[in-house]
Amino acid sequence: QVQLVESGGGLVQAGGSLRLSCAASGSFGIINAMGWYRQAPGKQRELIARELIALMYSDGSTTYTDSVKGRFTISRDNAKNTLYLQMSSLKPEDTAAYYCNTYPTLGVWGHGTQVTVSS
């Protein structure tokens, strides 16, 4: 059974930083990429960062949505089965629930971790 557990969210002032973690366990099968997603109130969940992890992409090629490019960094620790999202220069519009998942996504999601950025 696949399990994704996100943590590290909280309340932070604009301009601050947070590091999110995602502990993954279970049998995922073949995965090409892992990603961080977020869902703001009243909006659809969106992919904001993705890291290719298939063997052919062993250099960990990453992509980001324009709104977080240059401010957020996705990374992973294979030994710990953990995915990270380092967020800096946070803005109020980054306020959302943050989730990790494979890309394309699995049918199961974790509970997410809430990030609230005050102005």
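The following paragraphs lead the reader through one protein structure, from its sheet to its core, its aromatic rings and its unusual backbone positions.

The structure is a predicted model, in which local features need pLDDT of at least 70 and side-chain atom pairs count only at pLDDT 80 or more, while totals for chains, interfaces and linings use all residues. Residues are numbered from 1 along each chain as its sequence is written, and side-chain values use heavy atoms, with hydrogens and water left out.

The sheet offers a starting point. Strands of a sheet pair through backbone hydrogen bonds, either parallel or antiparallel. Here, an open sheet of 6 strands has the order 2-10-9-4-5-6, with mixed pairing. Strands are DSSP runs (E, at least two residues), numbered from the N terminus, and two of them pair if DSSP finds at least two bridges between them. Strand 2 (10-13) and strand 6 (62-64) occupy the edges; each has a single partner strand, so one side of each is left without a neighbour in the sheet. From one strand to the next, the twist averages 25°; the angles are taken between axes, which are lines fitted to C-alpha atoms, and run from 0 to 180 degrees between N-to-C directions.

The individual pairings can now be followed across the sheet. Strand 2 and strand 10 run parallel and are joined by 4 bridges; Q13 has S118 in strand 10 as its bridge partner. Strand 9 and strand 10, in turn, run antiparallel and are joined by 3 bridges, and Y98 stands opposite T113 in strand 10. Strand 5 and strand 6 are also antiparallel, with 3 bridges, and the bridge partner of R50 in strand 6 is T63.

Strand 10 also shows how side chains can alternate along a strand. T113, V115 and V117 point to one face and are buried, whereas Q114, T116 and S118 point to the other and are not. Buried means under 20% relative accessible area, exposed means over 50%, and partly exposed lies in between (1.4 Å probe, protein chains only).

Buried residues lead to the nonpolar core, a set of buried Ala, Val, Leu, Ile, Met, Phe, Trp, Tyr and Cys residues joined through side-chain atoms within 4.5 Å. The largest such core has 27 residues, of which W36, I48, F72, L85, M87 and Y98 touch the most other members. Among the strands that each supply at least two residues of this core are strand 4 (33-39), strand 7 (72-77) and strand 9 (96-102). The largest share, 4 residues, comes from strand 3. What surrounds F72? Leaving aside neighbours within four places in sequence, F72 is in contact with residues including I48, Y64, L85, M87 and Y98, where contact means heavy atoms within 4.5 Å.

Aromatic rings form a further part of the picture. A pair of aromatic rings is described by the distance of the centres and the angle of the planes. Rings of Phe, Tyr and Trp (its six-membered ring) pair if their centres lie within 6.5 Å; planes under 30 degrees apart count as stacked, over 60 as edge-to-face and the rest as tilted. By this rule there are 2 aromatic pairs. The ring centres of Y37 and W109 are 5.1 Å apart and their planes stand at 85°, so this pair is edge-to-face. The pair links distant parts of the chain, with Y37 in strand 4 and W109 in the loop between strand 9 and strand 10, 72 residues apart. Y37 is buried, at 6% relative accessible area, while W109 is partly exposed, at 29%. Y99 and W109 form an edge-to-face pair, 5.8 Å centre to centre with 85° between the planes. Y37, Y99 and W109 together make one aromatic cluster. In addition, the charged end of R45 sits over the ring of W109, 4.1 Å from its centre; this requires CZ of Arg, or NZ of Lys, within 6 Å of the ring centre and within 35 degrees of the ring normal.

The backbone completes the tour. Most residues other than glycine have a negative phi, and most peptide bonds are trans. A cis peptide bond, with omega about -5°, joins Y103 and P104. P104 lies in the loop between strand 9 and strand 10. N81 has a positive phi, near 50°, and is not a glycine; N81 is found in the loop between strand 7 and strand 8. S89, also not a glycine, has a positive phi of about 50° and lies in the loop between strand 8 and strand 9.
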